[in-house]
Each structure stands twice: as C-alpha cells, then as structure tokens.
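Hi,

Here's the structure I said I'd send over. Have a look at it first, and then read on for my notes.

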Amino acid sequence: MCGRYTLTIDKKTIEKRFGGKFYIATANYDWAPTYNAAPSHMLPIMRTNNPNVIELARWGLFPEEWQHPTRPHPRIN
C-alpha cells in the first residue's frame with residue numbers, strides 16, 4: 001500500500017464514473033477532493049456486496065492487536 005496518493009475529482013464525477021451514489025453515514029463529515037490522501041483519512045470506497053453505494057472508510061490497516069494505546073498509528077507498508 002502506498003503512503004500517500006491524490007484523489008482530486010469531485011463527488012459527481014466519481015458517481016458518474018462508477019455508477020453509484022455517495023452515502024455519508026456521519027452527518028458532520030463530508031468528503032472533498034484531496035492532494036494528500038493518507039492512512040487514517042476517510043476516503044471513498046465501493047463494497048462488492050453493494051456496488052451502487054460509494055461510502056467513506058478509514059484508509060489503512062488496523063490489526064486488532066493495535067488497539068492498544070502504545071500502537072495508535074495504522075500500518076501502511
């Protein structure tokens with residue numbers, strides 16, 4: 001997995017390209033294009049079991065054993 005990437009297209013373009021609609025579960029959070037997408041950021045995904053919905057998910061690998069306070073950062077490589 002890369003450490004950072006860029007996703008600069010808007011929501012309408014993503015919806016048109018992938019044939020889905022954005023679903024934002026948290027009312028106080030919205031997604032906007034970014035030049036600095038990094039692990040732990042909320043970024044758009046599509047699940048295979050519901051391909052018509054584009055939702056936000058926290059990007060990165062968070063193994064269960066990392067829930068201990070001494071390891072708060074996600075693994076990226």
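Below is what I found, going from the overall layout down to a few individual residues.

First, a caveat: this is a predicted model, so please read everything here in that light.

**Overall layout**

The protein has 1 helix and 5 strands. Going along the chain from the N terminus, the order of elements is β-α-β-β-β-β. Of its 77 residues, 23% are buried. The accessible surface is about 6000 Å², and carbon and sulfur atoms account for 52% of that. If you look at contacts between residues at least 6 apart in sequence, 50% of them join residues at least 24 apart.

**The sheet**

There's an open sheet of 3 strands, in the order 2-5-4, with mixed pairing. Strand 2 (21-23) and strand 4 (42-47) are the edge strands; each has a single partner, so one side of each has no neighbour in the sheet. On average, neighbouring strands here are turned by 35° against each other, ignoring direction.

Strands 4 and 5 are worth a look in your viewer. They run antiparallel, with 6 bridges between strand 4 and residues 50-58 of strand 5, and a hairpin of 2 residues connects them. To check the register, find Leu43, which sits opposite Ala57, and Pro44, whose bridge partner in strand 5 is Leu56.

**The helix**

Helix 1 (residues 11-18) lies across strands 2, 4 and 5, at about 120° to strand 2. Its N-terminal end is capped by Asp10, with a side-chain oxygen 3.3 Å from the backbone nitrogen of Lys12. Just after the helix comes Gly19, with a positive phi of about 65°.

**The core**

Which residues make up the largest nonpolar core? There are 9 of them: Leu7, Ile14, Phe22, Trp31, Ala37, Leu43, Ile54, Leu56 and Trp59. Two of these core members, Leu43 and Trp59, are also among the contacts of Ala37. Neighbours within four places in sequence aside, Ala37 also touches Gly3, Arg4 and Tyr5.

**Two residues to click on**

Glu55 is in strand 5. Is it buried or exposed? Its relative accessibility is 18%, and the cut-off for buried is under 20%, so Glu55 counts as buried. Its side chain makes a polar contact of 2.7 Å with the side chain of Arg47. Not counting residues up to four places away in sequence, Glu55 touches Tyr23, Leu43, Pro44 and Ile45 as well as Arg47.

Met42 is in strand 4. With a relative accessible area of 24%, Met42 is partly exposed. Once neighbours within four places are set aside, Met42 is in contact with Tyr29, Trp31, Leu56, Ala57 and Arg58. Trp59 is 17 residues away from Met42 along the chain, yet their C-alpha atoms are separated by 6.2 Å.

If you only have a minute, I'd start with the strand 4 and strand 5 hairpin, and then go to the Glu55 and Arg47 side chains with their 2.7 Å polar contact.

Cheers

Terms used:
Residues are numbered from 1 along each chain as its sequence is written. This is a predicted model: local features need pLDDT of at least 70, side-chain atom pairs count only at pLDDT 80 or more; totals for chains, interfaces and linings use all residues. Side-chain values use heavy atoms; hydrogens and water are left out. Two strands pair if DSSP finds at least two bridges between them. Helices (H or I, at least four residues) and strands (E, at least two) are DSSP runs, numbered from the N terminus. Axes are lines fitted to C-alpha atoms, for helices over the stretch in contact, and angles run from 0 to 180 degrees between N-to-C directions. Contact means heavy atoms within 4.5 Å. Buried means under 20% relative accessible area, exposed over 50%, partly exposed in between (1.4 Å probe, protein chains only). A polar contact is a pair of N or O atoms within 3.5 Å; within protein, one must be able to donate a hydrogen and the other to accept it, and residues adjacent in sequence count only if both atoms are side-chain atoms. Accessible areas come from the Shrake-Rupley method with a 1.4 Å probe; for residues, only the protein chains shown count as cover. A nonpolar core is a set of buried Ala, Val, Leu, Ile, Met, Phe, Trp, Tyr and Cys residues joined through side-chain atoms within 4.5 Å.
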